[in-house]
Amino acid sequence: MVAPAETEASSLVVREVRKSFPAPDNPLSRRQVLDGISFSLGAGELISLIGPSGCGKSTLLRLVAGLDSADSGDLLIGIEPITAPNAERGLVFQDPNLFPWLTVRRNIQAGLVARGVLHEKKNEVDEFMRLVGLEIFANVYPHHLSGGMAQRAALARALINHPKILLLDEPLGALDAFTRMRMQDEVLRLWQARRTTMLLVTHDIDEAIYMSDRIMIMTPRPGRIERTIPVELARPRQRDSGDFLRLRSDILKFLHFAGKS
Amino acid sequence: MEPQEDLVPTAIVEPPSALRWRTMLAVPFAAGIALTAHTFIANREPPLETHSYRLLFIEVIAVSILLALLRRFSPGLRRWMANMWPIFTAAIVSVCVWDIVTLGLRMLPLPYFPGPSAVLRSLINDRVLLLDSTWHSLVLLLSGYTLGVIGGLISGICIGWSSPIRYWGMPLLKVVGPIPATAWIPLTMVLSPSATVSSAALIALAVWFPVTMLTASGISNTRASYLDVARTLGAGRAYLIFHVAIPAAVPNIFIGLFMGLGASFLTLVVAESVGVKSGLGWYVSWAQGWAEYGKVFAALIIMAAFFSTIMTVLFKVRDRVLVWQKGVIKW
Ligand SMILES: Nc1ncnc2c1ncn2[C@@H]1O[C@H](COP(=O)(O)OP(=O)(O)OP(=O)(O)O)[C@@H](O)[C@H]1O
Ligand SMILES: [Mg+2]
């Protein structure tokens, strides 16, 4: 753990959070999507969240980002409750959602413009475009980009704000295996350099083991955190080490078992 | 990363000079026919002055032959000719048919349907007044249109963004908006001291309604995920409105601008013919009063050119602004 001041601003506590939506088939009843989610994320920690499609991972991330509010329960940054979105909490959405009317460069610098700090930080724009390998696409509009390139641009757009907490909703899902591994290393490098607190949603167990300090496994209907698995492998991790593979098969076994019950 | 092919702005690959002899000769040939037909018809009526009409077609023949000779030196010219010559030919043939039907066969009642040579004569004789009328129409149209667009954008953005304003404003808009602007003419004539001012206000009203409607629907239908992204990036209200909602609404806004432009043409012509004593609309009804139908047709031709030029300008602006969008409608 680092200095307490830093801890305040970048640790996340989620306590007994519930969230329901109107049921699609019957608008009078409500469907419980998140049912008593509790966990906490220390400053500088990187936690993965895995679980089957529709179990409420994106819903949880939206709550943490402050885009929606929970039905009950607490969401705290340090000791402050989350009430509204904030540039301190970045979110990379499942879809890239680039602004189609802006070029790649202008998309990436959108956060700087929104906060009115473009002038001081102009040089960082190039740095982040290089980081995601899009420098030659600077002046191209998003509809020319492939899915993977768009997702990388969206990643750079969130990173440029240097958020204290970064919420990642399958940010690397659309990438090919090589780019994906390179980006995993880049994200880890940023994480280590900045001590950003990260919550990563992924469908890829290897990615979860490779990247995170802990893995939370969610089960659906209603969404609960079924198990939290610490990953106690030394970094940098080897994707083919015995411990890695053993952990991987444990998780698979658990998921298989959870899927049956 | 790897540069993608579709990113390189490749010039449109030209088909190997698609301009055929047949296409190239069609224009002078059609002009020759029109000229011959006219000479034949007009010879029966010695008092008609048809010199300018003949001169026009002689010029067409001369210019088309000249261009045919010059085509070797410019691929652009060649492409333009291959593209435009068929339509020019059709236009010349239509004029020729018009000439034969009116002047030659006398199939249409005469004072109302003059032949093309008479229209051309009116066009040339009355050019000063026509030019002046066009200028007045342009000034009136642009002032009314600009006013209406500014008003429509402001009210559209307010209605689209703020629910209280939408609640109170929308019913008013739905009730008052669909009334054709020209229906207000009796009222504005009483209210306003100057016919020009009231006409500009009418045009503005006609433009204001579609621009407001389309802007409001564009703004309120902004994809929620764009607004969410902007919020997580630290955007305040001003950024959300001016950098997200408005750009997202621009395609819709342009539809409103085009609808408003159509409405403004209509209102302009009506307002000019009943109130203002200048402009093309006034010119038409004035010429009609004197039963000078050659002038009426001349003014209609000018109007067609005038309005379609303005339309084309707006399309060009739209293409510029919406480069980020794929597949825009061509004009
Ligand atoms: N705004 C909403 N209104 C109604 N229902 C919603 C809304 N948002 C999410 N849901 C429902 O909540 C459930 C969880 O959705 P969520 O997007 O959080 O799943 P997820 O775990 O992210 O799935 P995936 O892995 O496929 O992205 C789904 O059944 C979805 O239909
Ligand atoms: Mg999701």
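Here is a walk through a predicted model with two protein chains, A and B, starting where the chains meet.

Let's begin at the contact between them. Chain A brings 34 residues to the contact, and chain B brings 26. Together they bury an area of about 2500 Å², and carbon and sulfur atoms give 68% of that. On the chain A side, keep an eye on A:Phe99, A:Trp101 and A:His143. These residues supply 25% of the area that chain A buries against chain B, more than any other three residues.

How many salt bridges run between chain A and chain B? The count there is 1. Look for the side chains of A:Arg62 and B:Asp228, which meet in a salt bridge at 2.9 Å, N to O. Over all chains, the count of salt bridges comes to 19.

Now follow B:Asp228 into its own helix. B:Asp228 is one of the buried residues of helix α9 of chain B, a helix that spans residues 224–232. This helix is mostly covered, with 7 of its 9 residues buried. Besides B:Asp228, the buried ones are B:Ser225, B:Tyr226, B:Leu227, B:Val229, B:Ala230 and B:Thr232. What does the covering? Both chains take part: the cover includes α2, β6 and α6 (147–159) from chain A, along with α5 (127–161) and α10 (237–274) from chain B. If you trace the chain on past α9 of chain B, you come to B:Gly234, which has a positive phi, near 95°.

Helix α2 of chain A, part of that cover, also takes us to a metal ion. Which residues coordinate the magnesium ion, ligand 2? A:Ser58 does so through its OG atom and A:Gln94 through its OE1 atom, at 1.9 to 2.3 Å. The two come from distant parts of the chain, 36 residues apart: A:Ser58 sits in helix α2 (residues 57–65) of chain A, while A:Gln94 sits in the loop between β6 (89–92) and α3 (104–108) of chain A. Are they buried, exposed or something in between? A:Ser58 has a relative accessible area of 27%, so it counts as partly exposed. A:Gln94, at 39%, is partly exposed as well.

Next, let's stay in chain A and look at how its own charged side chains pair up. A:Glu16, A:Arg18, A:Asp35 and A:Arg224 are linked in a network of salt bridges. One pairing in there is A:Arg18 with A:Glu16, at 3.4 Å from N to O. A:Arg18 is partly exposed at 31% relative accessibility, and A:Glu16 is partly exposed at 41%. Another pairing is A:Arg224 with A:Asp35, at 2.8 Å from N to O. A:Arg224 belongs to strand β10 (residues 224–230) and A:Asp35 to strand β2 (residues 30–41), so this pair ties together parts of chain A that are 189 residues apart in sequence. Here the partners have different surroundings: A:Arg224 is partly exposed, with a relative accessible area of 39%, whereas A:Asp35 is buried, at 14%. The reason A:Asp35 gets that label is that buried means under 20%.

A further salt bridge in chain A joins A:Asp206 and A:Arg248, with 2.4 Å from N to O. This one links two helices: A:Asp206 is in α8 (residues 205–211) and A:Arg248 is in α9 (residues 242–260), 42 residues apart. A:Asp206 is partly exposed at 26% relative accessibility, and A:Arg248 is partly exposed at 31%.

For a residue that is tucked away, try A:Thr196. It lies in the loop between α7 (177–194) and β8 (197–201) of chain A. Is A:Thr196 buried or exposed? At 8% relative accessibility, A:Thr196 counts as buried. Leaving aside neighbours within four places in sequence, A:Thr196 is in contact with A:Gly44, A:Glu45, A:Pro163, A:Lys164, A:Ile165, A:Leu166, A:Leu190 and A:Trp191.

Finally, hop back to chain B and look at its surface. There, B:Ile100, B:Leu105, B:Met107, B:Leu108, B:Tyr112 and B:Phe113 make a nonpolar patch of about 560 Å². One of these residues, B:Leu108, lies in the loop between α3 (75–104) and α4 (116–125) of chain B. B:Leu108 is partly exposed, at 34% relative accessibility.

Methods:
Residues are numbered from 1 along each chain as its sequence is written. Chains are lettered from A and ligands numbered from 1 in the order in which they are written. This is a predicted model: local features need pLDDT of at least 70, side-chain atom pairs count only at pLDDT 80 or more; totals for chains, interfaces and linings use all residues. Side-chain values use heavy atoms; hydrogens and water are left out. Donors are N, O and S atoms within 2.8 Å of the metal (3.2 Å for Na, K and Ca); water is not among the atoms, so sites may look incomplete. Helices (H or I, at least four residues) and strands (E, at least two) are DSSP runs, numbered from the N terminus. Buried means under 20% relative accessible area, exposed over 50%, partly exposed in between (1.4 Å probe, protein chains only). Patches are made of residues with over 30% relative accessible area and no salt bridge: like charges are joined within 9 Å, nonpolar side chains (Val, Leu, Ile, Met, Phe, Trp, Tyr) within 5 Å. Accessible areas come from the Shrake-Rupley method with a 1.4 Å probe; for residues, only the protein chains shown count as cover. A salt bridge is a side-chain nitrogen of Lys or Arg within 4 Å of a carboxyl oxygen of Asp or Glu. Contact means heavy atoms within 4.5 Å. Buried area is the accessible area (1.4 Å probe) that two parts lose on being put together, summed over both.
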